[in-house]
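Please look over the fold shown below before reading on. The paragraphs that follow go through some of its helix contacts and its sheet.

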Amino acid sequence: MGGSLPGAIRGRSAIVAVGNTAQGTVPGISADELAVEALRVTLAGAGIAKSAVDGLITCKSYGGFGIDTEIGRLAGLNPAYSATLDYGTCNFSLHLACAAIDAGLASTVAIVYGTTQRSDGNRFSHPLGRQDEASVYGFLNVAGPAAMAFRRHQHLYGTTEADLGRIAVSQRRYAEQNPLAVFREPLSLDDYLAQPYLVAPLRRADLCMISDGGACLVVASADRAAELTDRPVHVMGIAQQTGLRDRQNADQWLRPWIRQVADRVYAGAGIGRDAIDALYIQDPTSVWVMQMLELYGFVEPGGVGEAFAKGEVGYGGRLPLNTNGGQLSEAYMWGFLHLVEAVRQLRGEAGARQLPGLRAAQYCSTFGFMKAASTILSRER
């Protein structure tokens, strides 16, 4: 069991501001300083005084590096509420902010993240999952488990590498229109298939771009949001689920327990998946995108390649997906930029890649094989 009660959070919090620093390689500045710069840019852009912030949520990277211990001091904040998450990918941080606001611990919470993982040369070569498996099978990066998961999917459904490649190709089309993206050069399906394997059957385009950068979201109670902006983006539904039993779970490579997040998040938001106008999926690997499109019910199992080929999902399709280019092409920012993009799209601020008539967007993320989360956002409360 897990997650939230249906409707428990609906419309009680809203995102009032988002912002980011440059992405890519940003030498000569610490991760905490990048986070503080993202906070400064976000508050200045929204016209929100620093004194209005009475909550601060930071996070540290998986494996213990990049601990955000100095952000409050560097920003000159003594908030009423603060917390640091072990693995604060933006969904989990956002949910914590909503819970703190709902509990009355704060009314306006800044969620900040900064990283210098590219300048530091971090290769994310640390054990993933159980230590015995990591040492025996070489699971020292997400690519190994993701490759195993895709092989399982191939066995069950006959999925092809071209089916998987359409995800990276679609996201690159969006990235071409995104000045923030690290990878903007065109990528065709033939280009994708011509790339050598990194961890077969995965290629470079299937894995996220390690990058430096900072990002920030400011979340407020509904009443406070109305005072801070005339364009709040309301948090309509949140849900989480863990898979902590690991190999005790049936078919753990495919993470079927994520379906329980879908069961709750739509009920909590009071809308169905057919009302989602834009979808965002955290994508350290394209395999996770394939899985979550199926697990959230947007595509039938084994049908992802066909859905992209027919234009049902992805660039130019009925359901736009990762319109910023995602982590595969924009930058690896733990999903923060997915939420930044979703808010900008809902507010009509996405520039050349702006989608018309958006009312609701959904963001789905995971912490590997351990936990999953989703958020539904709307322009309307």
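Is the crossing of helix 5 and helix 10 left-handed or right-handed? In this predicted model, the crossing of these two helices is left-handed. Helix 5 spans residues 143-157 and helix 10 spans residues 286-295; their axes come within 9 Å and cross at roughly 50 degrees. An angle between 35 and 65 degrees falls outside the parallel and perpendicular ranges, so helix 5 is oblique to helix 10. On the helix 5 side, the contact is made by Pro-145, Ala-146, Ala-149, Phe-150 and His-153, which meet Val-287, Trp-288, Met-290, Gln-291 and Glu-294 of helix 10. Sorted by class, the residues of this contact are 7 nonpolar, 2 polar and 1 charged.

Helix 10 also meets helix 6, residues 161-175, and here the axes come within 9 Å and cross at roughly 105 degrees. Helix 6 is therefore roughly perpendicular to helix 10. Leu-164, Ile-167 and Gln-171 of helix 6 make the contact with Ser-286, Val-287, Val-289 and Met-290 of helix 10. By class, this contact has 5 nonpolar and 2 polar residues, with no charged residues. Val-287 and Met-290 of helix 10 thus appear in the contact with helix 5 and in the contact with helix 6.

The sheet comes next. It is open and consists of 9 strands in the order 3-2-4-7-1-8-11-10-9, with mixed pairing. Strand 3 (81-85) and strand 9 (278-281) are at the edges; each has a single partner strand, so one side of each is left without a neighbour in the sheet. From one strand to the next, the twist averages 25 degrees.

Within this order, strand 10 (residues 360-367) and strand 11 (residues 371-378) run antiparallel and are joined by 8 bridges. Ala-361 is placed opposite Leu-377 of strand 11. Helix 9, residues 259-269, packs on the sheet and touches strand 8 (233-242), strand 10 and strand 11. The direction of helix 9 makes about 155 degrees with that of strand 8.

One annotation can be set beside these elements. An unreviewed UniProt entry carries the annotation "domain: Thiolase C-terminal" for residues 251-376. In the model, the end C-alpha atoms of residues 251-376 lie 27 Å apart, and the span is 33% helix and 14% strand.

Key: Residues are numbered from 1 along each chain as its sequence is written. This is a predicted model: local features need pLDDT of at least 70, side-chain atom pairs count only at pLDDT 80 or more; totals for chains, interfaces and linings use all residues. Side-chain values use heavy atoms; hydrogens and water are left out. Two strands pair if DSSP finds at least two bridges between them. Helices (H or I, at least four residues) and strands (E, at least two) are DSSP runs, numbered from the N terminus. Axes are lines fitted to C-alpha atoms, for helices over the stretch in contact, and angles run from 0 to 180 degrees between N-to-C directions. Contact means heavy atoms within 4.5 Å. Angles under 35 degrees count as roughly parallel, over 145 as roughly antiparallel, 65 to 115 as roughly perpendicular and the rest as oblique. A crossing is left-handed if the near helix is turned anticlockwise from the far one by less than a right angle, and right-handed if clockwise. Ala, Val, Leu, Ile, Met, Phe, Trp, Tyr, Cys and Pro count as nonpolar, Asp, Glu, Lys and Arg as charged, and the others, Gly among them, as polar. UniProt positions are given in the numbering used here, feature names are shortened, and annotations may be inferred rather than shown by experiment.
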